[in-house]
Amino acid sequence: MRLSRRALLAATTAAASLTAAPPASAAAPRNKLRTGFERLSAEGYALLDGQRVGIVTNPTGVTRDVHHIVDVMHADDRVNLRAVFGPEHGFRGTAQAGGSEGRYDDPATGLPVYDTYLKSGQPLADIFTTSGVDTVVFDIQDVGARFYTYIWTLYDCMEAAQLAGKRFVVLDRPNPVTGREAQGPVLHKEFATFVGRQPISQAHGMTVAELARLFNGEFLTTAVPLETVLMTGWKRSEFYDAHGLPWVPPSPNMPTPDTALVYSGTCMFEGTNLSEGRGTTRPFELLGADGIDGKWAAAANELGLPGVHFREAYFAPTFSKFQGKTIGGVQIHVHDRAAYDPVRTGIALLVTAKKVWSGFGWRSDNWIDKLTGSTRVRTAIDAGASTDEVVAGWREELASFRRIRKEYLLYK
């Protein structure tokens, strides 16, 4: 696909002074990882020299000692930081799901903060133009799932930067659930929304820098001038806790790396009438509804899914579905992260929930189709398909995506 553009992309990437990370030793100490920002700052911000800079970030844009990078850069005379662009939940993270903070001046720095949430194309390009920046920098911690909106903020900002004639720089951070492989169904273009703009798999197994290269090479009509500042010391097989990086919740319902581990599977329950655990201290690990009892956990455990056990659980969400009502369901307990398959597990839980609970239903707007990327999962489960049969339905399209994805991977 577009071989000439890929060749151009490769040449552009090779030219960037901080793009190529040296190979990490197999025996590298666990504390040797350096994020993209750490490398950028260690180089004296040379990549931003002479540029008026705007940054797309949120509370996860922190240093190892949890200072926010906006505060750090604003206090450094070597950076001409002129604007901040906030995604869903906002720059300082005060908004719940489906919300943002709007336009305001940041009290800590005095910098103008612009709202990017649900903005794309020319309207977003106009915001970049209004801000007066030359270079747009992106630094947000992703969680590895197609329907987590920050990667589509990345995509939209890349497209808008190209329209506005801006340079784009991505500072890389780890995929917290590893970058071992892509899993799950691939989005069909007719189901594109802000929880999935382009045909990638449900668990993409990529970092944001790798995704940026994929977007530039495969999906943007015209490539943006892109530079990526890679990590050093990160291996694709490593989970988030391998290097002692601080975890800042990327959104209010992503409190821990354990949440991220299950999210690409259990977020599918947003498309049902069951609670996905919002309003509890274990969102996406607790699932349930009024009228469910221990039969669901028993049915799920009988499947012998690798790396996971299911506990009969009862809980009362403080907001969202079943607010204030005690409901029954399951808690997911992952005991072997390397063996655990979050998407397959999510499908198995949907299949067993439908079998053991007569009240099971999909959201009336068929939101499940937007989350999974087509009608296939919903219609297969409604037809009585087993977990294996549902998973087999996306095998060919996943293999095709894996071949494309491989060209954009940057780490071993």
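**Note on helix packing, core and loops**

1. In this model, which is predicted, helices α7 and α9 are oblique to each other. Their axes cross at roughly 55° and come within 7 Å, and the crossing is right-handed. The angle falls outside the ranges that would count as roughly parallel (under 35 degrees) or roughly perpendicular (65 to 115 degrees), and therefore the pair is classed as oblique. As general background, two packed helices are described by the angle between their axes and the distance between the axes.

2. The residues that form this helix contact can be listed on both sides: L261, V262, S264, G265 and T266 belong to α7, and they meet P342, V343, G346 and L349 of α9. In sequence, α7 covers residues 257–266, while α9 covers residues 342–356.

3. Helix α9 also lies across the strands β10, β11 and β12, and its direction makes an angle of about 50° with β11. These strands form an open sheet of 3 strands in the order β10-β12-β11, with antiparallel pairing. The edges are taken by β10 (286–289) and β11 (308–315), each of which pairs on one side only, and neighbouring strands are turned against each other by 25° on average when direction is ignored.

4. Within that sheet, β11 and β12 (residues 327–334) run antiparallel and are joined by 8 bridges. A useful reference point for checking the register is R311, which stands opposite Q331 in β12.

5. The loop between β11 and β12 contains F322, whose phi is positive at about 60° although the residue is not a glycine. F322 is partly exposed, with a relative accessible area of 25%. A second case is T178, in the loop between β6 (167–171) and β7 (183–186), where phi is near 80°, again a positive value in a residue other than glycine. T178 counts as buried, because its relative accessibility is 4% and the cut-off for burial is under 20%. Both angles merit a look, because most residues other than glycine have a negative phi.

6. Turning to the interior, the largest nonpolar core has 100 residues, of which L154 and F168 touch the most other members. Helix α5 (residues 150–164) supplies the largest share of this core, with 10 residues. Beyond its neighbours within four places in sequence, L154 is in contact with F138, F168, V170, V208, L211, A212 and F215. Another core, of 20 residues, lies apart from the largest one and has L48, V53, I55 and V113 among its members.

7. Several of the residues that L154 contacts, including V208, L211, A212 and F215, are also among the buried residues of α6. In that helix 12 of the 12 residues are buried, so α6 is largely enclosed by the rest of the structure. The buried set includes E210, R213, N216 and E218 as well as L214 and F219.

8. Just before α6 (208–219), the loop that follows β8 (201–203) holds T207. T207 is buried, with a relative accessible area of 1%. Setting aside residues up to four places away in sequence, T207 touches D172, R173, N175, M231, W234 and Y411.

Note on methods
Residues numbered from 1 in each chain as written. Predicted model: local features only at pLDDT ≥ 70, side-chain atom pairs only at ≥ 80, totals over all residues. Heavy atoms only, no water. Helix = DSSP H or I, 4+ residues; strand = E, 2+ residues; numbered from the N terminus. Buried < 20%, exposed > 50% of the residue type's maximum accessible area, 1.4 Å probe, protein only. Contact = heavy atoms within 4.5 Å. Core = buried A, V, L, I, M, F, W, Y, C linked by side-chain atoms within 4.5 Å. Pairing = 2+ DSSP bridges. Axes fitted to C-alpha atoms, helices over the stretch in contact; angles between N-to-C directions. Parallel < 35°, antiparallel > 145°, perpendicular 65-115°, else oblique. Left-handed = near helix turned anticlockwise from the far one by under 90°.
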